[in-house]
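Please look through the structure shown below before reading the notes that come after it. The notes are arranged by topic, so that each part can be followed on the model itself.

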2 protein chains.
Amino acid sequence: MLKGIILNNENYQAGISIDCVIFGFHDNQLKVLLIKTPYENKWSLPGGFVPIHEDIDTAAVTVLNERTGMQGIFLRQFATFGRVKRNDRHFGKAVLDHFKIPEEAGKWFTQRFVTIGYYALVDFLKAVPHKGNTQEIIEWIDHKEVPELILDHKEILDKALHTLRIELNLMPVGYNLLPEKFTIPELQKLYETILDKKLDRRNFLRKITNIGILNKLDEKKSNVAHKAPNLYTFDKEKYEEVLKNGLNQGW
Amino acid sequence: MLKGIILNNENYQAGISIDCVIFGFHDNQLKVLLIKTPYENKWSLPGGFVPIHEDIDTAAVTVLNERTGMQGIFLRQFATFGRVKRNDRHFGKAVLDHFKIPEEAGKWFTQRFVTIGYYALVDFLKAVPHKGNTQEIIEWIDHKEVPELILDHKEILDKALHTLRIELNLMPVGYNLLPEKFTIPELQKLYETILDKKLDRRNFLRKITNIGILNKLDEKKSNVAHKAPNLYTFDKEKYEEVLKNGLNQGW
DNA sequence: TTACATTGCGTCAAAATAACACACATACCC
DNA sequence: GGGTATGTGTGTTATTTTGACGCAATGTAA
């Protein structure tokens, strides 16, 4: 991807980039999709540039799709980052040398980039991490064990998680993070993981079912070393409705 | 301002702009500060460009300060707009002709601009609308009577108001919109105006005082044709604390 | 068959919310 | 000065939501 851009700067909007915080849920962990490039020793968020003839939202969809093969997924813009020094020293000598970019073309990269942050919620099992090139490493990493990231990507990730936590009170979450059939305890674990706190089982059940977005199935989870929990699906229609109208009214 | 930029494109980040939705409160109306430029017949949000050596947040502060003379005010980034065609046709012939901009320099303007939206809450009486030049018109306009705006500025304004409404449940509002001393009914009017719905007087009082950000003064408002309402101030310290920690916890 | 872990359902007190009643203060009218 | 209109301060009550638990039921593993 970077190579294509280097060959054709003029097809991309200068000074603007997209960064995606892609969340997945697995093993009771909230995971983030991260990339390690060959030309440096740090991890980064999957990102991209904005083609001149594409909306920024579309460019974000492209990034997500390139990396996970997924479409039609929950993807939301949450903030834009534009400190002067944010990509100072980056796309510096190491990167430019690696790609053998001449100094003149390099200026395109060394200018300050304003990056637009998006976060996505995807089904861990359906989203298959996809390398941009053979030298790249792309991996799901537990959000609690995120290594050092380039630039201000840690800040971006933190802000994404913070936004997600707040939006948990305004919208239902789960449809995009869980498999089609799931149990209430699984859904609760998801909430607990995102919020990083324990919730009461019984109160959670009551609150979540009261929203009216769950369909209880005539089916139980098997192969569990205890009472088999019931399986549920989301009522897509009601889910979308609640997503649109919001949960808490407050005032 | 535009002229300065035209003379010195290279001092500003290409393709990025700032737009501010500046809210004030007066006569029980939520007002928005709008600008009418001489070279076109529509109104627009106050905005500006981003100096190469300035953070985007700083650039937003500059816009706000230029237009209201105010500093240290509530100013928050809420969304970034970057549809391909958003400034299509704008900064078009009319504008370029007006400023006698040569075609080559004009390209700087006719490219797609990604604009970062900020909204501000300011004290209507302290914020004095300030023209950018003598031909400009700048005015407080009731948000319910906003005329046709350029580009996607209406969309930006709507999104700002929508964000404000949601954030009303997460944070206290009023410190930046009301004079130092105010009455509970005035504060309630502010909430009602923002939310565009009636609230119960007595329940509002209970809820707002329970937050613990108000100081009741030993003073009453005078010159009212009814029982004189008590005056209050915000407890700045507690207010800031609640602003930081948020109101509703939800889950 | 029993022990164990975890689920499903229910209870109860406390807190928050919604709906409403009444007394009070000030200006204005007559 | 008495009555009226308007809008304020305070209180009451029923309802709903929340938080903190108890306990029986269920499936696996020993």
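The briefing that follows takes up the two copies, the surface between them, the domains of one chain, and some local details.

This is a predicted model, in which local features need pLDDT of at least 70 and side-chain atom pairs count only at pLDDT 80 or more, whereas totals for chains, interfaces and linings use all residues; side-chain values use heavy atoms, with hydrogens and water left out. Residues are numbered from 1 along each chain as its sequence is written, while chains are lettered from A and ligands numbered from 1 in the order in which they are written.

**How the two copies are related**

- A turn of 180 degrees, with a shift of 0.0 Å along the axis, lays chain B on chain A with an RMSD of 0.1 Å, where the copies are superposed by least squares on the C-alpha atoms of residues with pLDDT of at least 70 in both.
- The two copies are therefore related as by a two-fold rotation axis.
- Both copies use the same surface, since 100% of the contact residues of chain B recur in chain A.

**The surface between chain B and chain A**

- In chain B, 37 residues are in contact with 38 residues of chain A, contact meaning heavy atoms within 4.5 Å.
- Between them, chain B and chain A bury about 2,800 Å², of which 56% is on carbon and sulfur atoms; buried area is the accessible area (1.4 Å probe) that two parts lose on being put together, summed over both.
- B:Q13, B:R112 and B:W251 supply 29% of the area that chain B buries against chain A, more than any other three residues.
- The count between chain B and chain A is zero salt bridges, a salt bridge being a side-chain nitrogen of Lys or Arg within 4 Å of a carboxyl oxygen of Asp or Glu.
- There are, however, 18 residue pairs in polar contact between chain B and chain A, both residues being at pLDDT 80 or more; a polar contact is a pair of N or O atoms within 3.5 Å, where within protein one must be able to donate a hydrogen and the other to accept it, and residues adjacent in sequence count only if both atoms are side-chain atoms.

**The two domains of chain A**

- Chain A is divided into domain 1 (2-167) and domain 2 (184-245), with bounds that come from an automatic or database domain assignment.
- The C-alpha centres of domain 1 of chain A and domain 2 of chain A lie 31 Å apart.
- Ten residues of domain 1 of chain A are in contact with eight residues of domain 2 of chain A, and the two domains of chain A bury about 740 Å² between them, 67% of it on carbon and sulfur atoms.
- On the side of domain 1 of chain A, the residues that lose the most area to domain 2 of chain A are A:F25, A:N28 and A:R165, which together make up 56% of what that side buries.
- One salt bridge is counted between domain 1 of chain A and domain 2 of chain A.

**Salt bridges and a helix start**

- Side chains of opposite charge can pair when their charged atoms come close.
- A:D196 forms a salt bridge with A:K144, with the closest N and O atoms 2.9 Å apart.
- A:R67 and A:E136 also meet through their side chains in a salt bridge (2.9 Å, N to O).
- Because A:R67 lies in helix α2 (residues 56-68) of chain A and A:E136 in the loop between β6 (114-121) and β7 (137-142) of chain A, the pair ties together parts that are 69 residues apart in sequence; helices (H or I, at least four residues) and strands (E, at least two) are DSSP runs, numbered from the N terminus.
- At the start of α7(B), a side-chain oxygen of B:D200 comes within 2.9 Å of the backbone nitrogen of B:R202.
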